[in-house]
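Work through the exercises below with the model open beside you. Try each task before reading its solution.

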Amino acid sequence: VRAYDANTGSLAWQIALPPRQRPDRGPVYDIALAPSDDALYVGTTRVSPESSDLAAYDAATGDTRWSIDDSGAAWGLTLDGGRLYAGPALHGVAVHAFDAATGALRWRSPRTDPGRTIAVAARDGVAFAAGFVGPPLQSFHVAAFDGSRGVALRPIVPNGRRLPITR
């Protein structure tokens, strides 16, 4: 991971990923980034051996703030209200909420299975997970959750068509 000074373009810091997140450990399915004013959050989802790892780095120095092996979710990282949200890329449509300062798991939504999360978003205290459910992964599913407690909210109605929510 490398960070560059926004004004000069010069290298500010660089770090080697922890051993579990390095590409030489096996095929990487996805690497997700979520920056904040004072931190950079990195999520690595690996197919073989299967794992989802999260880490937070100080934005000014690159020092590791926290790191979680096998967090259960590291896909589509997004921040809102002091929480870091991530989805499980390989198993079901769901969202997990972590304390952005400590990495502690705050809540984990139920998941639709089989399925695959393709996007996670959060705004104004509401966390969203979207993805395909199946088999054969042909139905699109959107779920909304109270960001502080993980409680499922009312169904989302795009274009007048009601979609189910995860309960």
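**Exercise 1: a salt-bridge network**

At 36% relative accessibility, Arg 65 counts as partly exposed. The class follows from fixed limits: buried is under 20% relative accessible area, exposed is over 50%, and partly exposed lies in between (1.4 Å probe, protein chains only). This is a predicted model, where local features need pLDDT of at least 70, side-chain atom pairs count only at pLDDT 80 or more, and totals for chains, interfaces and linings use all residues. Residues are numbered from 1 along each chain as its sequence is written, and side-chain values use heavy atoms, with hydrogens and water left out.

Task: find the salt-bridge partner of Arg 65 in the loop between β3 and β4.

Step 1. Apply the criterion: a side-chain nitrogen of Lys or Arg within 4 Å of a carboxyl oxygen of Asp or Glu. Asp 38 meets it, with its closest N and O atoms 3.5 Å apart.

Step 2. Place both ends. Asp 38 sits in the loop between β3 and β4 (39–46), and Arg 65 in strand β6 (residues 64–68). The two are 27 residues apart, so the pair links distant parts of the chain. Strands here are DSSP runs (E, at least two residues) numbered from the N terminus; helices would be H or I, at least four.

Step 3. Check exposure. Asp 38 is partly exposed, at 43% relative accessibility.

Step 4. Extend the pair. Asp 58 joins Asp 38 and Arg 65 in a network of salt bridges. The total count by this rule is five salt bridges.

**Exercise 2: two further pairs**

Task: classify the partners in the salt bridges of Asp 99 and Asp 124 as buried, partly exposed or exposed.

Step 1. Asp 99 pairs with Arg 106, the closest N and O atoms being 3.0 Å apart. Asp 99 is buried at 17%. Arg 106 is partly exposed at 43%.

Step 2. Asp 124 pairs with Arg 123, the closest N and O atoms being 3.6 Å apart. Asp 124 is exposed at 68%. Arg 123 is exposed at 62%.

**Exercise 3: the four-stranded sheet**

Task: give the strand order of the open sheet that contains β7, and name its edges.

Step 1. The order is β7-β8-β9-β10, with antiparallel pairing. Two strands pair if DSSP finds at least two bridges between them.

Step 2. β7 (75–80) and β10 (105–108) each have a single partner strand, so one side of each lacks a neighbour in the sheet.

Step 3. Neighbouring strands are turned by 20° against each other on average, direction ignored. Axes are lines fitted to C-alpha atoms (for helices over the stretch in contact), and angles run from 0 to 180 degrees between N-to-C directions.

Step 4. Count the bridges. Four join β7 to β8 (residues 83–87). Thr 78 has Tyr 85 in β8 as its bridge partner. Three join β9 (residues 96–99) to β10, where Phe 98 is partnered by Leu 105.

Step 5. Inspect the turn. The hairpin of β7 and β8 has two residues between the strands, and Gly 81 takes a positive phi near 55°.

**Exercise 4: the three-stranded sheet**

Task: describe the open sheet that contains β12.

Step 1. The order is β11-β12-β13, again with antiparallel pairing. The edge strands are β11 (115–123) and β13 (139–146).

Step 2. Eight bridges join β11 to β12 (residues 126–133). Ala 122 stands opposite Ala 127 in β12.

Step 3. Phe 140 lies in β13 and is partly exposed, at 35%.
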